[in-house]
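Hi everyone, thanks for coming along this morning. I'd like to walk you through one structure, so please take a moment to look at it with me.

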Amino acid sequence: MKPVPMADLAPEHFQWEVTDRIAVIRLNRPERKNPLTFDSYAELGACFRQLAHASDVDVVVLASNGGNFCSGGDVHEIIGPLVGMEMPKLLAFTRMTGELVRAMIHCGKPVIAAVEGVCVGAGAIMAMASDLRLAAPSAKAAFLFTKVGLAGCDMGACAMLPRIVGQGRAAELLYTGRVLRAEEGERWGFWNSLHDDVFAAAMNLARAIAAGPVWAHGITKTQLLQEWTMGLDQAIEAEAQAQAICMTTRDFERAYRAFVAKQTPVFEGN
C-alpha cells in the first residue's frame with residue numbers, strides 16, 4: 001500500500017488532529033468519561049491500521065479529554081447488548097477488540113498515552129498497548145474485567161501486563177480489578193513518569209521522538225514486538241540484521257557527518 005496523508009481524517013467517534021507530524025487522538029465523550037462503543041472500537045482499529053501507511057504522521061499521542069482517559073466499554077451500549085448475544089457474535093466482538101491492540105502494536109509509529117483521571121477496562125488496555133505511558137497525578141488505572149464477571153485475560157492483558165509490571169503484580173491487578181493509582185503505578189513501571197501537565201509532557205516527548213530517525217524508530221517498534229517470541233540467539237541475529245539495514249539509511253550518514261562537524265543531526269526519515 002502506498003503512503004497516504006492522514007491529516008484530513010475526519011473520524012466520527014474520536015477527535016483527531018495532526019500537528020508537526022504528531023497525531024493526537026482523544027475519545028470524544030467526556031461527559032461519560034470517554035467510554036468505548038462498538039463503533040469507536042472499529043473506527044480506532046481502522047485508524048491505527050491506516051497509520052501504518054501514513055505519510056504525514058511519525059508519532060501518535062493518545063490523550064485524555066475532559067480530565068479522563070477512558071472508562072472502558074460503555075455499560076449501556078456494549079455490556080448490555082453482550083448479555084443477550086450468542087457465542088458467535090460474542091467471539092466476533094472479542095476478536096474485534098483484540099484487533100485494536102494488534103493495530104496499535106503494528107502501526108509502525110511510537111504511541112504515547114497521556115493519561116489523566118479514569119483509565120480502566122479497555123482504556124487501561126489501550127494505555128498498556130502504547131509504547132510509552134505518561135500519567136497525571138490524578139490517573140487511576142484498573143483492569144476491571146473481574147468486576148463484571150469476566151476473566152482478566154482480555155485484549156492481550158495476560159501477555160502484556162506481566163512484561164510491564166511483573167507476573168505477581170499483574171496477577172494481583174487482573175484477579176482483583178483494584179485501582180492502580182499514579183504514584184504506585186510509576187513505582188511499578190506501569191507509568192514511565194508523572195507530570196502535572198501530562199499532555200504538554202507527552203507532546204514534548206513526541207516532538208523529541210519525531211525529531212529523531214523515525215524510519216529507524218519503526219524498526220525499533222517492530223523488534224520490540226517480534227522479540228517477544230524469540231530466544232536470545234535469535235534476537236541477537238534479528239537485531240544484527242535490523243541494525244545493518246538501518247546503516248544503509250541517509251539518516252545514519254547524516255548523523256555521522258553532523259558529529260564530525262560538531263553539529264546536531266537533522267533527520268529526514270530516510
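I'll talk about the core, then the cysteines, then a few single residues, and finally a surface patch.

First, a word on where this comes from: this is a predicted model, so local features need pLDDT of at least 70 and side-chain atom pairs count only at pLDDT 80 or more, while totals for chains, interfaces and linings use all residues. Residues are numbered from 1 along each chain as its sequence is written, and side-chain values use heavy atoms, leaving out hydrogens and water.

Let's start inside. A nonpolar core is a set of buried Ala, Val, Leu, Ile, Met, Phe, Trp, Tyr and Cys residues joined through side-chain atoms within 4.5 Å. Buried means under 20% relative accessible area, exposed over 50%, and partly exposed in between, with a 1.4 Å probe and protein chains only. The largest core has 55 residues, and those touching the most other members include Phe143, Leu161 and Phe190. Helix 4, residues 122-129, gives this core its largest share, seven residues. Helices here are DSSP runs of H or I with at least four residues, strands are E runs of at least two, and both are numbered from the N terminus. Apart from that core lies another of 16 residues, Val24 and Met203 among them.

Now, how many disulfides does a search of the whole structure find? Zero, where a disulfide would be a pair of cysteine sulfur atoms within 2.5 Å. For cysteine 70, the nearest cysteine sulfur belongs to cysteine 119, 7.4 Å away. For cysteine 246, the nearest is that of cysteine 107, at 17 Å.

Next, is lysine 221 buried or exposed? Lysine 221 is buried, at 6% relative accessible area. This lysine sits in helix 9, residues 214-226. Beyond its neighbours within four places in sequence, lysine 221 has contacts (heavy atoms within 4.5 Å) that include Met104, Cys107 and Asp131.

Two loop residues are worth finding too. Arginine 21, between strand 1 (14-19) and strand 2 (22-27), has a positive phi near 70 degrees without being a glycine, and is partly exposed at 35%. Asparagine 34, in the loop between strand 2 and helix 1 (38-51), also is not a glycine and has a positive phi of about 60 degrees; asparagine 34 is buried, at 0%.

Finally, the outside. Val75, Ile79, Val83, Val148 and Leu150 make a nonpolar surface patch of about 460 Å². Patch residues have over 30% relative accessible area and no salt bridge (a side-chain nitrogen of Lys or Arg within 4 Å of a carboxyl oxygen of Asp or Glu), with like charges joined within 9 Å and nonpolar side chains (Val, Leu, Ile, Met, Phe, Trp, Tyr) within 5 Å. Accessible areas come from the Shrake-Rupley method with a 1.4 Å probe, and for residues only the protein chains shown count as cover.
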